[in-house]
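Please open the model in your viewer and keep the selection panel at hand. The tour below goes from the whole chain to single residues, with a stop at each selection.

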Amino acid sequence: MMNRVPEPIDVGVLGATGTVGSLLVRLLDGHPWFRLREVGASPASAGLALGERTPADSMGPLSAEASRLVLKALDDEWSSPLLLSALPSSAARHTEALLAERGHLVVSNASAYRQDPVVPLIIPEVNPDHLRLLEAQADRWPGGIVTNPNCVTAGLATALAPLHRAFGLETVVATSMQAISGAGRPGPAAGELTDNVIPFIANEEDKIAEESQKILGHRNPDRIVHGDFVVSAHANRVPVLHGHLVAVSASFRNVAGPEDVEAAFTSFEPPEEARGLPTAPERPIELIPGDARPQPRLDRDRGQGMVVTVGRVRECPALHVRFMVLAHNLIRGAAGAALLNAELCHAAGVTTRVPAR
């Protein structure tokens, strides 16, 4: 299924002025496989140069070439066969289907199609075989849609994958401490989070559970049978800039202790399909020793933000084992995840469909 090394192709970014979209634009600068040729945003931005609509922030400036790109309306004609979507879900449901109908492969960070039975929800180091669901989309549209999980699930499901394979997950309790940047622009007001934690993020807890079960399920043959473990999620917004930290307790069908779990983390190897992709870290999971790690400020940027760090593995008096998981929510949990999925698709030879004119 994999073709190495693929020829470079043109790509476009939908929602290029938002937090995730503007980070995608930056990550595409100098990419060995992709040439950024098109950008799009809301009607209010269409016709303006991307640089005029991208605020200066901690991610640094856009390249001069990217800054000069003129923003398209989302329903304009696009020439790039591969489109990376950073749209809000409300816009993604219509726009992504429209562009897939026109023959584009849309690799999406939005939640609109994550639970669609024939749309793959992928972490390349965990379930690259789910990409074959694209074959089941052939009756629906000439192009296709591929999705990545939400910003918490991206780290959590990566950490759970070796445990599920080794011991069989039974119950997972996950309590997230989610960074401010996960709320997008403008995000919560500073006054809301100063000396405070907000113990609710709309729709987040259901996403964490359902997406983890789909990612860790198996393909049979043109649909995904969800993992048959229970996930109880608690989502909280905390005063951290970047990096979602998750406290996890888990029980297994085959009982495992802390040493077994640590061994599963350290021995985890990504499948062949994910190795050598430009955005993939050499080791997607890193176990950090010590009682006070991982921490967002110290560990979120490992592997250029694509490494999932785990730590504090210990016995759980209620279930079997408990531990901490950290992932950079804007990179591994969003822009980097979409880009890595696009690389997987291109290596698999599914990005070369010619858009309908």
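Helices and strands are taken here as DSSP runs, H or I over at least four residues for a helix and E over at least two for a strand, numbered from the N terminus. With that convention, the protein has 10 helices and 14 strands. Its radius of gyration is 20 Å, close to the 21 Å that the globule rule gives for 357 residues, so the protein is as compact as a globular protein of that length; the radius is taken over C-alpha atoms, and the rule is 2.2 Å times the number of residues to the power 0.38.

Before going further, note that this is a predicted model, in which local features need pLDDT of at least 70 and side-chain atom pairs count only at pLDDT 80 or more, while totals for chains, interfaces and linings use all residues. Residues are numbered from 1 along each chain as its sequence is written, and side-chain values use heavy atoms, with hydrogens and water left out.

**The whole chain**

Show the C-alpha trace first: along its principal axes it spans about 60 × 50 × 30 Å. Then colour by accessibility, where buried means under 20% relative accessible area, exposed means over 50%, and partly exposed is in between, with a 1.4 Å probe and protein chains only. Of the 357 residues, 56% count as buried. Contacts, meaning heavy atoms within 4.5 Å, can be drawn next; among those between residues at least 6 apart in sequence, 76% join residues at least 24 apart.

**Strand β11 and its two partners**

Select residues 244-252, which form strand β11; 8 of its 9 residues are buried, so the strand is largely enclosed by the rest of the structure. Pairing is assigned if DSSP finds at least two bridges between two strands. Now add strand β7 (residues 169-178), which pairs with β11 in the antiparallel sense over 8 bridges, and then strand β14 (residues 321-327), whose pairing with β11 is also antiparallel, over 7 bridges. Which residues should be picked out around valine 248? In β7, alanine 174 stands opposite valine 248 of β11, and in β14 the bridge partner of valine 248 is phenylalanine 323.

**Cysteine 151**

Move next to helix α5 (residues 151-167), where cysteine 151 is placed. Is cysteine 151 buried or exposed? At 14% relative accessibility, cysteine 151 counts as buried. Leaving aside neighbours within four places in sequence, cysteine 151 is in contact with Gln178, Glu204, His244, Asn329 and Gly333. For a distance to display, choose the C-alpha atoms of cysteine 151 and serine 232, which are 81 residues apart along the chain and separated by 17 Å.

**Strand β2 and arginine 35**

Select strand β2 (residues 34-41), of whose 8 residues 6 are buried, so that it is largely enclosed by the rest of the structure. Strand β1 (residues 9-14) pairs with β2 in the parallel sense over 6 bridges, and valine 11 stands opposite leucine 36 in β2. Arginine 35 also lies in β2, and at 33% relative accessibility it counts as partly exposed. Not counting residues up to four places away in sequence, arginine 35 touches Pro8, Ile9, Asp10 and Val11; its C-alpha atom is separated by 7.0 Å from that of proline 8, 27 residues apart along the chain.

**Backbone details**

Most residues other than glycine have a negative phi, and most peptide bonds are trans. Where do the selections that follow depart from this pattern? Aspartate 195, in the loop between α6 (190-193) and α7 (204-215), has a positive phi near 60 degrees and is exposed, with a relative accessible area of 78%. Arginine 312, in strand β13 (residues 308-315), has a positive phi near 50 degrees and counts as partly exposed at 34% relative accessibility. Finally, display the peptide bond between arginine 293 and proline 294, which is cis, with omega about 5 degrees; proline 294 is found in the loop between β12 (285-287) and α9 (296-299).

**Proline 271**

The last selection is proline 271, in the loop between α8 (258-267) and β12, where the residue is partly exposed with a relative accessible area of 21%. Apart from neighbours within four places in sequence, proline 271 is in contact with Pro124, Glu125 and Pro128. The C-alpha atoms of proline 271 and aspartate 129, 142 residues apart along the chain, are separated by 9.6 Å.
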